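Trainee: Could you take me through the salt bridges, with attention to where the partners sit and how far they are buried or exposed?

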Amino acid sequence: MKIIIASDNHGYLIKPAIIKHLEDRGHIVHDEGTYSDASCDYPIYAKNAAQKVASKEFDFGILICSSGEGVMMVANKVKGVRCGLAYNDKVSSLMRHHNDANMISFGADFMELEDIIRRIDIFLEATFDGGRHQRRIDLFE
């Protein structure tokens, strides 16, 4: 899979471990930024990543900020993106099964790295259930 990842300065420090994990699993990963731990305008990075997922340049996107909320809100403004906050394992699966999510967000200040990596794997391994869920997704637009 081709996966894009973007973060603010809070997510910057954990991105290398996530990228290594994904590459070790055979995925192609592009880091959209930020590239330092200096305060930054995270909407720029989240929006760029979301646009690349919406255009199908990338299969999935991963966003990280302090809480996970801000980057998720930015991504969901991009038509064709469905991004959820992965606050537990079950939700990480359900956002794919029920909502066909193509992006996932995390709060670096509130989640442990091992939980984030596990939830990324859960998200990527889950599949969309279709059926009645597709009818509901059609109502998103």
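Mentor: What follows is a close look at the salt bridges.

This is a predicted model, in which local features need pLDDT of at least 70 and side-chain atom pairs count only at pLDDT 80 or more, while totals for chains, interfaces and linings use all residues. Residues are numbered from 1 along each chain as its sequence is written, and side-chain values use heavy atoms, with hydrogens and water left out.

The structure holds 10 salt bridges, a salt bridge being a side-chain nitrogen of Lys or Arg within 4 Å of a carboxyl oxygen of Asp or Glu. One of them pairs Arg25 with Glu125, whose closest N and O atoms are 2.9 Å apart. Because Arg25 lies in the loop between helix H2 (15-24) and strand S2 (28-31), and Glu125 in helix H6 (residues 113-125), the pair ties together parts that are 100 residues apart in sequence; helices (H or I, at least four residues) and strands (E, at least two) are DSSP runs, numbered from the N terminus. Arg25 is partly exposed at 43% relative accessible area, whereas Glu125 is exposed at 54%, where buried means under 20%, exposed over 50% and partly exposed in between (1.4 Å probe, protein chains only).

Asp89 forms a salt bridge with Arg119, the closest N and O atoms being 3.1 Å apart, and this pair links helix H5 (residues 89-97), which holds Asp89, to helix H6, which holds Arg119, across 30 residues. Asp89 is partly exposed at 27%, but Arg119 is buried at 10%. In a further salt bridge, Asp100 meets Arg96 at 3.0 Å, N to O; Asp100 is partly exposed at 22%, and Arg96 is buried at 8%. Salt bridges that share partners also join Asp89, Asp115, Arg118 and Arg119 into one network.
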